Amino acid sequence: MWDRLFTAQTDPPPLLVLVTAAVALAAVLTRLPWRIGRNAITIAHEGGHALIALLTGRKLKGIRLHSDTSGLTLSAGRPTGLGMILTLLAGYVAPSLVGLAGALLLGGNRITLLLWIAVALLLAMLVMIRNLFGIVSILVTGGVVFAVSWFAGPDVQAAFAYTGVWFLLIGGVRPVGELQRLRAQGRSPESDADQLAWLTRVPGLVWVGFFGLINLAALFIGALLLASPWLADLDLPTPPGG
């Protein structure tokens, strides 16, 4: 079991990296796949709120995941201060940062380890879920990841892991644009950005821009990590004197 978790797999075919990126991009840009896959983004978003709340000393009361892909994380503690600011900051950047962490593991060919860490995180989050849809969502997601990690062959595991990490990296960007569109329409007066604006006196638009910059940076760095096998296969010219 130890060897299975920590032994590095072989580099995936460069074509697999490109195909999984295209599949993830299509899922983010297409209405029905995005509507389904966005639940994974919401899980990471609310998980980010929950983790930072705990790390900053707040008392986590529970997490709710809804069928419209929205979510809510409740924590108790000071309504102002650094802990509350960091907790609010964590949500919109969490999917992209989780994707970046996954890209780091995949860059080291730790595919099975990545899948098992995902299962462990989902199980840890399960104990804090406070509604039926959220429980079902976590169980289904965790069950699929576990089944792939335990029963699937190396090629299927690689395709699944790369698609999932690409989806988090690319999909983490889209909700930021959706957030600003809702804010511009006056339909999200209590968004994370607006709560941060109230706490810090920094305009909500600045916080939306901050979310976007972090997520785009994570996408860029993650893409370089994931594409490293493909880049290594390119027959690049040797610099003069190199």
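1. Arg174 and Glu178 form a salt bridge in this predicted model, with their closest N and O atoms 2.9 Å apart. Because the two residues stand four residues apart in helix α8, about one helical turn separates them. Their surroundings can be read from the accessible areas: Arg174 is partly exposed, at 31% relative accessibility, whereas Glu178, at 11%, counts as buried.

2. Glu178 also forms a salt bridge with Arg38, and here the closest N and O atoms are 2.9 Å apart. This pair links distant parts of the chain, since Glu178 belongs to helix α8 (residues 174-184) and Arg38 to helix α3, with their positions 140 residues apart in sequence. Arg38 is buried, with a relative accessible area of 17%, and Glu178 is buried as well. Taken together, Arg38, Arg174 and Glu178 are linked in a network of salt bridges.

3. The count of salt bridges comes to three, and one of them joins Arg183 to Asp194, whose closest N and O atoms are 3.0 Å apart. Arg183 lies in helix α8 and Asp194 in helix α9 (residues 192-200), so the pair ties together parts that are eleven residues apart in sequence. Asp194 is partly exposed, with a relative accessible area of 21%; the cut-off for buried is under 20%.

4. Turning to the aromatic side chains, a search of the whole structure finds six aromatic pairs. In one of them, the rings of Trp116 and Phe146 have their centres 6.4 Å apart and their planes at 50 degrees, so the pair is tilted; the limit for the distance between centres is 6.5 Å. Trp116 lies in helix α5 (residues 111-126) and Phe146 in helix α6 (residues 132-151), so this contact ties together parts that are 30 residues apart in sequence. Trp116 counts as partly exposed at 24% relative accessibility, and Phe146 counts as partly exposed at 34%.

5. Phe146 pairs with Trp150 too: their ring centres are 5.9 Å apart and their planes are at 15 degrees, so this pair is stacked. Both residues lie in helix α6, four residues apart, which is about one turn of the helix. Trp150, at 33% relative accessibility, counts as partly exposed. Trp116, Phe146 and Trp150 thus form one aromatic cluster.

6. Helix α5, which carries Trp116, has 16 residues and reaches 23 Å from its first C-alpha to its last, close to the 22 Å expected at 1.5 Å a residue. The buried residues of α5 include Ile111, Leu115, Val119, Leu122 and Met125.

7. A nonpolar surface patch of about 430 Å² is made by Leu132, Val136, Val140, Val144 and Phe160, and helix α6 gives the most to it, with four residues. Val136, which lies in α6, is partly exposed, with a relative accessible area of 41%.

8. The interior should be considered alongside that patch. The largest nonpolar core has 28 residues, and those with the most contacts inside it are Leu106, Tyr162, Val165, Trp166, Phe167 and Leu226. Several helices, among them α3 (31-55), α5, α6 and α10 (204-226), each supply at least two residues of this core, while α7 gives the most, with nine residues.

Notes
Residues are numbered from 1 along each chain as its sequence is written. This is a predicted model: local features need pLDDT of at least 70, side-chain atom pairs count only at pLDDT 80 or more; totals for chains, interfaces and linings use all residues. Side-chain values use heavy atoms; hydrogens and water are left out. Rings of Phe, Tyr and Trp (its six-membered ring) pair if their centres lie within 6.5 Å; planes under 30 degrees apart count as stacked, over 60 as edge-to-face and the rest as tilted. Buried means under 20% relative accessible area, exposed over 50%, partly exposed in between (1.4 Å probe, protein chains only). The expected span of a helix is 1.5 Å times one less than its number of residues. Patches are made of residues with over 30% relative accessible area and no salt bridge: like charges are joined within 9 Å, nonpolar side chains (Val, Leu, Ile, Met, Phe, Trp, Tyr) within 5 Å. Accessible areas come from the Shrake-Rupley method with a 1.4 Å probe; for residues, only the protein chains shown count as cover. A salt bridge is a side-chain nitrogen of Lys or Arg within 4 Å of a carboxyl oxygen of Asp or Glu. A nonpolar core is a set of buried Ala, Val, Leu, Ile, Met, Phe, Trp, Tyr and Cys residues joined through side-chain atoms within 4.5 Å.
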